[in-house]
Amino acid sequence: MLILGIESSCDETAASVARDHTEILSNVVSSQVEEHKLYGGVVPEIASRRHCENVLPVVQKALDDAGVTLAELDGIAVTAYPGLIGALLVGVNFAKGLALTAGKPLVPVHHLAGHIASNYIAHPELKPPYLCLVVSGGHSHLVEVLSYTTFRILGRTRDDAAGECFDKCARAMGYPYPGGIHLDKASKNGNPDAFSLPRPKIAGNAYDFSFSGLKTAVVNLLHNTAQKGGTICKEDLAASVQATIAGILTEHTMRAAREHGYSTIAVAGGVSANSGVRAAMQEACDKQGYRLYLPPLHLCGDNGAMIACAGSYAFDAGIRADSSLNASATMELTAWGELGVVKN
Ligand code: KG4
Ligand code: ZN
């Protein structure tokens, strides 16, 4: 089975062809990060315009690299939700046109289901059910993966996503957008115990996350120190922030695994590239005797391969869209299948 996957939910235009779910024949990513860096974050209109320019050459290259023609495809999968609406619309409309022209089924994919699928590519032996921590720039979810296409959400962030917290702390420290990776690099030369940062306890669901207090504490610490004419060792602060975020994510995941009886755990999304998060999760899982799955670094951020893979499983599950498919900026992972989707 050959599925083309198209991704345009944020600032990466990406496409990929997957054979039999997990064999990736091509994976083309055109990143706009250098342009958005000038503005300190993603500018939605610029993102949409670049997707418009890039989507055709990116998809063409994905087919060429795979040595596959449109006619040979079994289906065309596209990220339809959630994300920047103007960015999503470009990929969705392109995929609709392509599916119509080629006479192929159209498969709408939830972006987070895509991130979750990134682990199947590197670890085809990973099979539901298991527990997945999905941490990106826009989301922090603790998800029970019940099947390849059905999920239950145990916890989520009440405010900022983990990646957003990394980026906002990094920005306050003077690193360019997106700051997570710079903070990660700086932390390698810092002392994670140098600063004691808040680990917010929130009422209600014990699995939920809250990161805005941590961000505020970092911003205040930097301001107060500057006002007093002092200096802060950026490496130490980076290491302390990273250890705090990694600690919160790991603690919640381990608690959920223990209380829900999971011994297979995965991490996915852009923040799964973070060296501190990977190490903390590995250490905690080793201690408990749990099996941990992490995506390879090139599949942590947004890419087309994860959409082609998730789209392949969705294709099997009968998830289809007709030409009335619309994009949506928001969509619950658990509701995948309800918006403009025809379930066979
Ligand atoms: O999944 P993703 O590429 O896009 C979204 O769906 O949001 O995630 C991007 C997020 C950004 O916040 C970025 O700073 C963060 O992932 N990120 C990292 C690292 N690499 C990417 N955060 C911390 N450490 C990293 N090494
Ligand atoms: Zn993403």
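Ligand 1 is surrounded by 19 residues (each with a heavy atom within 4 Å of it), and the closest are His115, Gly137, Asp167, Asp184 and Asn274. This is a predicted model, in which local features need pLDDT of at least 70 and side-chain atom pairs count only at pLDDT 80 or more, whereas totals for chains, interfaces and linings use all residues. Residues are numbered from 1 along each chain as its sequence is written, ligands are numbered from 1 in the order in which they are written, and side-chain values use heavy atoms, without hydrogens and water.

**Surroundings of ligand 1**
- Domain 1 (2–115 + 300–337) and domain 2 (127–296) both contribute residues to the shell, so ligand 1 lies between them; the domain bounds come from an automatic or database domain assignment.

**Polar contacts of ligand 1** (pairs of N or O atoms within 3.5 Å)
- An oxygen atom of ligand 1 lies 3.1 Å from an N or O atom in the side chain of histidine 111.
- A nitrogen atom of ligand 1 lies 3.4 Å from a polar backbone atom of glycine 180.
- An oxygen atom of ligand 1 lies 3.3 Å from a polar backbone atom of aspartate 302.

**The zinc ion (ligand 2)**
- Its protein donors (N, O and S atoms within 2.8 Å of the metal, or 3.2 Å for Na, K and Ca; water is not among the atoms, so sites may look incomplete) are His111 (NE2), His115 (NE2) and Asp302 (OD), at 2.0 to 2.1 Å.
- Along the chain, the donors of the zinc ion follow the spacing H-x3-H-x186-D.
- Histidine 115 counts as buried at 1% relative accessibility (buried means under 20% relative accessible area, with a 1.4 Å probe and protein chains only).
- Aspartate 302, at 16% relative accessibility, also counts as buried.

Conventions
Polar contact = N/O pair within 3.5 Å; in protein donor to acceptor, adjacent residues only side chain to side chain. Buried < 20%, exposed > 50% of the residue type's maximum accessible area, 1.4 Å probe, protein only.
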